[in-house]
Each structure stands twice: as structure tokens, then as C-alpha cells.
Amino acid sequence: PSRRTNYMKRLNLNFLVISFVFFAVVVRIMAAYFFSDTRLDNEWGKLVYNLEHAGILGINVAIDDLNAIHKFASPGDVVLPSIFMPPLYAYFIYSIKLLFGNLFDVIKAIIFVQIIFSLISIYLFFKISRKFENFNYSFLLTTVFSFFPIYIYSSSQISSIILQISLFLFFFYFLIELLNKKKLIYLIFFSIFSGLLILIRGEFILFYFITIIYFFAYYKKNLRYFFLSILVSLIVISPYLKRNHMFFDKIVLTKSFGYNLLKGNNPDFKVEGSTKYMKDYFENKKFQIKTNNEYEVKLDDHYKNEAFKIIQENPKAYFVLYLKKVFSFFFFDINSTYPGYYDILHIIPKIIVSILSFCGAFMALRKKGFFQFLSIFYFSNVFLFSIFFILPRYSLILLPIQLLLSIHLIKIIFKKTGQLVR
């Protein structure tokens with residue numbers, strides 16, 4: 001009887017897993033059918049097209065000696081190297097075009113690969129949650145993560161967010177394995193994925209240093225791992241640093257601080273930033289910048305100077321705007337203009353998870369350990385990004401952390417009320 005019972009349990013578990021994966025795939029295919037991007041345009045389209053046809057990863061094409069515009073390069077055009085966008089997602093798209101461009105529609109191929117990455121992320125999240133929770137809690141968390149509406153929707157969009165989440169979960173998975181098993185191989189993988197995250201989001205370098213300082217200098221006090229991790233991560237990003245030094249004569253990853261600061265801090269006073277203000281500002285100023293390799297560097301300096309000037313003229317108003325952005329990141333944007341933002345399928349789950357994770361983060365700060373680190377990571381993301389502007393997809397990268405902090409709070413509540421179920 002016990003053998004038969006174990007067999008039935010395994011059979012039920014296998015059926016549950018297969019059903020879960022089936023529905024996860026189906027809802028993403030449906031999202032791709034109804035909501036998928038149909039063209040590779042905007043910055044990603046220009047970057048990839050110009051890389052393919054001119055051999056330069058660049059958005060701007062020189063018109064004359066003092067002017068350049070965003071465009072798809074034509075034969076004979078001078079493409080200026082870009083330092084504005086992190087490069088990894090552009091190379092991701094370019095690689096898919098090289099591998100599948102002659103066999104399949106490129107957009108469909110990109111969406112298909114992103115769906116695969118989202119499934120890998122779901123598996124990784126389950127593995128991570130199992131490090132801290134029993135099967136029932138882990139399965140519940142993974143179900144919420146997998147079927148969170150904006151996560152499903154993002155799989156169908158030409159956006160780096162799905163790749164970011166996958167790399168992010170690999171980063172956390174190998175960090176946890178390293179802390180538990182203390183094997184060098186896990187440090188190497190953790191550092192490799194740290195480097196890849198820096199190449200897909202330049203500001204991740206700050207969060208990477210927060211991570212290694214917390215664990216290798218504060219928590220575990222292992223300076224050998226600290227410096228070895230930096231070395232491996234540096235090796236990963238070094239080809240791009242070398243490229244930028246060759247083009248711009250400086251060691252830098254990206255140069256978009258001024259643009260992002262001005263987009264999020266201008267007289268339109270929008271939490272999500274104002275592309276209209278940026279367009280008007282660019283057209284009205286008619287910058288006379290030499291169209292050489294440093295074009296984007298000089299342009300970003302103009303944006304930075306203008307942003308500082310605007311903020312200094314009315315610091316109180318922009319501090320209030322900063323607080324609004326913090327609230328929007330923690331909870332929700334009360335004045336969002338994004339289509340579908342207030343759809344009940346998006347806004348209700350977002351508010352519930354936001355409130356639970358916010359409270360859970362404060363509770364976790366009190367005790368040294370992994371959940372304290374998650375809280376520090378969570379708060380530092382919110383406070384940094386709020387300096388610039390807040391888009392709906394920004395909170396998606398923190399969804400795995402929010403879910404872990406949410407269940408952490410729920411368990412504390414159950415424990416205090418004597419209802420904890422193990």
C-alpha cells in the first residue's frame with residue numbers, strides 16, 4: 001500500500017507540473033497572438049539594423065558636420081557609435097536574426113525565444129523559493145509569478161525585461177548556491193551573470209556592488225571571494241569597455257544619465273517622464289554638436305546641464321515629484337497614462353503584492369541574513385530609479401523579490417497568530 005501511495009503521489013505531482021507548464025505556455029502564446037509587437041523599430045530596431053548593415057552599434061546617423069538624427073542607415077551613411085543604450089539586448093536580437101532570420105519571421109522568433117526564457121525563469125524562481133519555503137508555499141509563489149498579468153504580457157513585447165528577469169534569477173540562484181555550498185564554480189557563475197546584468201542594465205553595477213559588499217564584506221567576510229567576483233565580472237564586461245574606450249577614449253559602460261534625469265525631471269512633472277518634453281527640448285535647442293564619435297556624450301552633457309538647471313530653479317517641487325515617484329514604484333502610479341495600466345487584471349494584483357512586499361521588507365530589515373539583503377536590494381532599487389522616472393515594467397524586475405518578501409510577511413503574521421502551517 002505504501003508503494004502504491006508513493007506512486008500515486010508521484011503521478012499526481014507529475015500531472016500537476018505538466019498541467020502547470022502547459023497553461024504557462026498557452027497563456028504566453030495567447031498573449032503573443034493578441035498583443036505581440038509586429039515590427040522591430042524604435043531604438044532597438046535602429047541599433048540592430050545599423051549593426052547589421054554598417055557594422056556599428058549606433059542609433060544616430062550623421063547628416064552633416066554638426067547634425068545627426070535617429071534613423072536606419074542607408075548605404076553611404078555615417079553611423080555614429082552609440083553609448084546611450086546597454087548593448088546586451090541588441091546583441092541578443094542580432095544573434096536571433098543571424099540564427100533564425102532566414103528560416104522564420106524575426107519578430108516571432110524573438111518572441112518565441114523570450115517565451116522560452118520566461119519558462120526558464122519560472123523554473124529558477126521555483127528552485128529559489130524552495131531554498132526558503134516548503135513545496136506548497138513555493139508552488140503558490142511560482143504560480144503567482146508565472147501568471148502575473150504584466151509578466152505574461154511582457155513576453156510578447158520587444159523589450160529587454162524578460163531577458164533581464166532570467167539573468168536576475170540566475171544571479172540569485174547561483175548566489176544562494178554559493179552561500180550554501182561555498183564552491184568556487186558557483187562564485188564564477190554568479191559573477192558571470194552579474195557581468196551580463198551590467199551589460200543589459202548599466203545601473204546594475206551599483207546593485208552588484210551592494211550584493212558583494214553585503215555578503216562578502218559584511219555577512220560572510222570573505223574578501224577573497226569579493227575580489228575574485230569583481231575580476232570575473234570585469235572579464236565579462238571588458239570587451240564592451242574596450243569597444244567604448246576605442247570609440248570614446250574613456251572607460252565607460254553607458255552615457256545616458258543626463259537624458260534620463262531630464263526626461264524624469266522637467267516642467268511636465270510626470271512620474272513616468274515626458275518624451276514630449278525631450279522631443280521639444282531637442283528640436284528647440286538645435287544643438288550644434290560635431291558629428292564625431294563623441295556626439296552622444298556631448299548631447300547627454302547638454303541634457304544633464306539642463307536637468308540640473310531646472311531642478312535648482314525649483315528644488316521643492318522636484319523633491320515632491322521624487323516622493324511621488326517613490327510612491328508609484330512602491331505601490332502604483334495614480335496618474336499613469338499607459339494603456340491598460342488601470343485594468344483590474346493588472347492593478348489589483350500589483351497593489352496586493354506591493355502592500356505585502358513593502359511591509360515584508362520593513363519586517364525583514366530587522367534580522368541579519370538573506371531576507372535583510374532582499375529588503376536592502378528592494379529599497380535601493382526604488383530610491384535610485386525614482387531619481388529619474390518610473391515605467392510600469394520597472395517593477396517587474398523586482399517581482400521575484402516582492403513575492404518572497406510577501407510570503408515572509410504572511411508567515412510572520414501566521415506565526416504571531418498561532419496559525420503557522422508547516
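Which residues are linked with K255 in a network of salt bridges? I looked this up in what is a predicted model. The network joins K255, D300, D301 and K304.

**Entry: salt bridges in helix 13**

I took the pair D301 and K304 from that network. Their side chains meet in a salt bridge, with 3.9 Å from N to O. I noted that this falls inside the 4 Å cut-off for a salt bridge. Both residues belong to helix 13, which covers residues 295–313, and they are three residues apart, about one turn of the helix. An α-helix has 3.6 residues a turn, so residues three or four places apart point the same way. For exposure I found D301 partly exposed at 22% relative accessible area, and K304 also partly exposed, at 26%.

**Entry: other salt bridges**

How many salt bridges does the structure hold? I recorded eleven.

I went next to helix 7, residues 161–181, where K181 and E177 sit four residues apart, about one turn of the helix. They form a salt bridge whose closest N and O atoms are 3.0 Å apart. Is E177 buried or exposed? E177 has 2% relative accessibility and therefore counts as buried, because the limit for buried is under 20%. K181 has a relative accessible area of 43%, which makes it partly exposed.

I also looked up D77, which pairs with K71 in a salt bridge, the closest N and O atoms being 3.2 Å apart. D77 is partly exposed at 27%, and K71 is partly exposed at 25%. Side chains of opposite charge can pair when their charged atoms come close.

**Entry: K97**

I located K97 in helix 3, residues 88–100. At 23% relative accessibility K97 is partly exposed. Setting aside residues up to four places away in sequence, K97 touches V48, E52 and V106. With E52 there is a polar contact between the side chains, at 2.8 Å. I also checked K97 against I347, which is 250 residues away along the chain. The C-alpha atoms of K97 and I347 are separated by 35 Å.

**Entry: helix 5**

I compared the length of helix 5, residues 135–146, with what its residue count predicts. At 1.5 Å a residue, its twelve residues should span 16 Å, and the end C-alpha atoms are 16 Å apart, so the two agree. At the start of the helix, a side-chain oxygen of N134 comes within 3.2 Å of the backbone nitrogen of N136.

Which residues of helix 5 are buried? I listed Y137, S138, L141, T142, F145 and S146. These cover an arc of only 160 degrees around the axis, so they lie on the same side of helix 5.

I then took two of these residues one by one. T142, in helix 5, is buried at 3% relative accessibility. Leaving out neighbours within four places in sequence, T142 is in contact with F20, I122, F125, F126 and S129. S146 is in helix 5 too, and is buried at 0% relative accessibility. With residues up to four places away left out, S146 touches F20, A24, R28, I122, Y151 and I152. I noted F20 and I122 among the contacts of both T142 and S146.

**Entry: strands 1 and 2**

How do strand 1 and strand 2 run relative to each other, parallel or antiparallel? Strand 1 (residues 60–64) and strand 2 (residues 67–70) run antiparallel, and four bridges join them. One of the partners I checked was that of A62, which is A68 in strand 2. The connection from strand 1 to strand 2 is a hairpin through two residues.

**Entry: positive phi**

I looked at two residues that have a positive phi although they are not glycines. D249 has a phi of about 60 degrees. D249 is in the loop between helix 10 (223–248) and helix 11 (257–264). With a relative accessible area of 61%, D249 is exposed. F269 has a positive phi of about 50 degrees. F269 lies in the loop between helix 11 and helix 12 (275–285), and at 38% relative accessibility F269 counts as partly exposed.

Conventions: Residues are numbered from 1 along each chain as its sequence is written. This is a predicted model: local features need pLDDT of at least 70, side-chain atom pairs count only at pLDDT 80 or more; totals for chains, interfaces and linings use all residues. Side-chain values use heavy atoms; hydrogens and water are left out. The expected span of a helix is 1.5 Å times one less than its number of residues. Buried means under 20% relative accessible area, exposed over 50%, partly exposed in between (1.4 Å probe, protein chains only). The arc is that of the directions from the helix axis to the C-beta atoms. A polar contact is a pair of N or O atoms within 3.5 Å; within protein, one must be able to donate a hydrogen and the other to accept it, and residues adjacent in sequence count only if both atoms are side-chain atoms. Contact means heavy atoms within 4.5 Å. Two strands pair if DSSP finds at least two bridges between them.
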